[in-house]
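Hello,

Here is the structure you will be working with. Please open it, then read my notes below.

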Amino acid sequence: MKRRDFIKASVLAASVAQASRIDGITQTIFDNKKVFGANRFGLFWANTNSAQLVSVSDFEGDKFPNTMNYSLPDSIQNENRVLYPMVRKSYLKAGKPSKSELRGKDEFVRVSWDTALDLAAKALKENFDKYGAESIYGECYWWGGSGKVSWGRTVAHRMLKVLGGYVEESGDYSTGAGLVIMPHVLGSSAVYDTPTKWKAIVKNAKNVVFWGTDPIVTNQISSIPPTHDCYIGMQDLKKAGTKTFSVNVMTNDTARYYGSETILVRPNTDTAMIIGMCHHLFTSGLYDAEFIKKYTVGFNKFKAYFMGETDDKIVKDAAWASKICGVPAETIAKFAETIAKEPTTVLIGRALQRADHGEQPFWALVVLNAMLGHIGKEGLGFEFSLGYNSSGGTDKIAPVLKGISTRISEKYENVGGAPWKTTKNITIPSSRSIEALEHPGKEIDYDGTKIKLPHMRVAYMASGSIFTRHQDVNNIVKQWRKFDTVITAEPYWTSTAKFSDIVLPVAIEVERNDINQTGSTGEYIVAYKPVITPMGESRSDYWICQQICKRWGREEVFTEGKDELGWMREFYADAQEQAKNLSVSMPSFEEFYENGFVRFEKDNTETELYTRLAAFRENPNKNRLGTPSGKIEIYSPTIAKFGYSDCPAHPTWLEPKEWLGDAKKTAKYPLHIVSPHSRYRLHSQLNNSIIRNFAEVSGREPILVNPADAKERGLATGDIVRVFNDRGEILAGVLVTDIVPPRVAAICEGAWYDPQNWGEKSLCQHGCVNVLTFDKGTSSLAQSNSAHTALAQIEKFKGEIRPLTAFSKPKILQSL
Ligand SMILES: Nc1nc2c(c(=O)[nH]1)N[C@H]1C(S)=C(S)[C@@H](COP(=O)(O)OP(=O)(O)OC[C@H]3O[C@@H](n4cnc5c(=O)[nH]c(N)nc54)[C@H](O)[C@@H]3O)O[C@H]1N2
Ligand SMILES: Nc1nc2c(c(=O)[nH]1)N[C@H]1C(S)=C(S)[C@@H](COP(=O)(O)OP(=O)(O)OC[C@H]3O[C@@H](n4cnc5c(=O)[nH]c(N)nc54)[C@H](O)[C@@H]3O)O[C@H]1N2
Ligand SMILES: [Mo]
């Protein structure tokens, strides 16, 4: 088959939605194929037979292939795929919003694509026309699907921009507090800046501190297909025998890989420990006074605070810190001394700031590093970004692939009054959506401004999973009813899909066309191809959004006359142009598409030893930071002006809303629940697949419990327990282990939500940890989520254990 014909044929295979599977199978029986594929887990070979994905095998160019991808055939060809467009019965009957209290209880009715799209397009348009952008919740979120053309999040945003505007969230759940505090401290968002290279760290560091980070686990996935080069650097670090520390609430995989000296800190108390270290460095004369003088402002104000010269009169020494964080004072002092005296790199994770007052530990860590004085020396100082995205490997000399955006071409200014030109998106801080549903019109503080929470009426959900992502799930269930219409584009019957009115079945990476570039070194430009026929009638997010725009008479505004392959060609051609200037060669599009990838081989030696803030260290006048002073702000006059009691003007220890030091609260709920990211999935993704069998305990999400806590409660590994607090209750499977210290219990985020009764404050039978967490902004500054702040109690579950329903389909009617 000629290349062009091959492309046409595969597009056809993907686009004939009603094609009979039986015909497909008889035509293609025993046609073993090995096709290149890529997704957020990595690069792989997809082995197909008879139009099915039979297995996934390692791609040679992926340095450390991610075993998660082996579960792909099971997760993709799973019985809980949404096969057809569906509408909730009461909604369909009325042809408009109806009986939202029956969401999650009503049956779904299979409908044609036309019916589903008509209803979705109508709900969006009518509400936008009547109530404006504030009525449309279009945040969507992040981790579902990928690609430069048909990623659900971007195309949904583009579609809602074509409508005129929508409600979006600034920042993110990952590092929302860091993103807002860092511009005040370092003059840039910092958390997403280019990170220091592993090579530079391995070459120069005598100590590497993993502070609240577990990169062995979290580097497995990436926002763009990873080639996992980071693990080369991480392996080299081990080979070099560099001393490592892990400051954490448990002994995590990274600490075990390196055999790190683990300093166990009480959850959410790192700020106190860091301030205690600063006090010790200052009083013992071990801090770098010259660095502080040359590169920072406001040290004296912070010094007065930790020396007990401010209103509270408390000397914040190591002994003071020890009482709060649980680390012996001598350990705090010795640790501070070691990392001050020897070349040290501090790698900072994000869980630290996904907690009440999450701005503080990030700020405090920057200040501690300023006192250590290593910042900007080759491979040394602090780093926020080596815990994900496979970062820190050697860059390739490669073009940068463009992608579809929400920018609407000026060509279409005469279409439909071009509402996107006159309307503006409404932006609320990340994770404040449920608060908006609960209190529309309420004014909240945010980074020196006031934000009025919008009155949202319609939700368009794609690429995200709110019931596993967001905090206080029982409250989500309650507030979610306030939406008149919920439209969800999903490949699976997730809880979000089940709690919707209109469900649009989505084709995922191996079922559709797209293009992407690998991260973080840029080594490959990759093609996503429909290697199997999309399940049921599922279609790409791009196609879905295009069809909705078509119903508003604005199809071309969305497509600019291009289908997915058309966009792929355009982005590829742009990369070819760049490649010419870089003197690297790229094959024709057809050749690239057939092959599945193009590789850029040449290392970029210029950035090989890149170190964060090296330029600033070298010349602070020429390379001023973006802060008002141009220096690191230990005290921020800007934040002082905001006058927030929950985010003062220098790093400050503030008690979290719930923590182990609060005797009154721990009397009832004595355990701190932390919810790290799982090595067995990407948030909630893959939890519906066979990989669950490697992770679960007694068919539930595991809860890691210390032997002492288990003994006190008569618990053994394999027991099913009820984990509860005032917000809710979940079941989980006990794993007794001293990986977690006494009074800390860990349940990974992302287990599918499985309420016994949809709609009431219900027991989750499966272990979705966010039933227990609370929904509160970190502070008036960032208003990000506080997912890692939660106390609870555990007891052996004595009730009836029912079969799980999380992974089953809802009741489906073939017609009304
Ligand atoms: N307690 C607690 N909660 C947390 C965290 C924590 O540490 N603790 N971490 C937080 C963080 S950092 C994050 S980033 C969030 C993650 O939150 P999300 O990004 O919401 O997480 P996912 O579970 O990956 O959701 C992706 C959804 O997209 C769907 N999907 C897959 N492919 C496609 C596609 O091609 N198209 C469409 N339309 N959908 C698709 C998947 O089935 C899945 O339902 O969770 C946050 N929540
Ligand atoms: N396999 C896998 N990898 C992922 C993801 C996934 O879902 N699965 N998600 C990706 C995403 S979206 C993100 S944002 C990143 C998240 O990256 P991180 O936020 O860095 O990851 P977490 O697992 O939440 O937490 C990292 C470590 O912090 C520790 N910790 C928790 N609370 C505290 C505390 O109070 N103090 C200290 N010192 N340590 C604490 C945890 O025990 C854990 O070892 O990971 C990315 N990588
Ligand atoms: Mo994240």
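First, a term: a residue counts as near a molecule if one of its heavy atoms lies within 4 Å of it. Domain bounds come from an automatic or database domain assignment. Keep in mind that this is a predicted model.

Where does ligand 2 lie? Domain 3 (177–395 + 609–642) gives residues to the shell around ligand 2, and so does domain 4 (663–796), so the ligand lies between them.

Now the shell itself. It holds 31 residues. The closest are T218, N248, D270, R354 and R681. By type, the shell has 13 nonpolar residues, 12 polar ones and six charged ones.

Next, some polar contacts. H677 places a polar side-chain atom 2.8 Å from a nitrogen atom of ligand 2. R350 uses its backbone instead: an N or O atom there is 3.1 Å from an oxygen atom of the ligand. V217 also uses a polar backbone atom, 3.3 Å from a nitrogen atom of ligand 2.

How much of ligand 2 does the protein bury? Taken alone, the ligand exposes 920 Å², and the protein buries 98% of that. Two elements each give two or more residues to the shell: α9 (215–218) and β9 (243–248).

Last, a database note. An unreviewed UniProt entry lists residues 671–790 as "domain: Molybdopterin dinucleotide-binding". In the model, that stretch is 9% helix and 22% strand. Its end C-alpha atoms are 8 Å apart.

Best wishes

Notes:
Residues numbered from 1 in each chain as written. Chains lettered and ligands numbered in written order. Predicted model: local features only at pLDDT ≥ 70, side-chain atom pairs only at ≥ 80, totals over all residues. Heavy atoms only, no water. Polar contact = N/O pair within 3.5 Å; in protein donor to acceptor, adjacent residues only side chain to side chain. Areas by Shrake-Rupley, 256 points an atom, 1.4 Å probe, with all protein chains shown as cover. Helix = DSSP H or I, 4+ residues; strand = E, 2+ residues; numbered from the N terminus. Nonpolar A, V, L, I, M, F, W, Y, C, P; charged D, E, K, R; others polar. UniProt positions renumbered as here; feature names shortened; annotations may be inferred.
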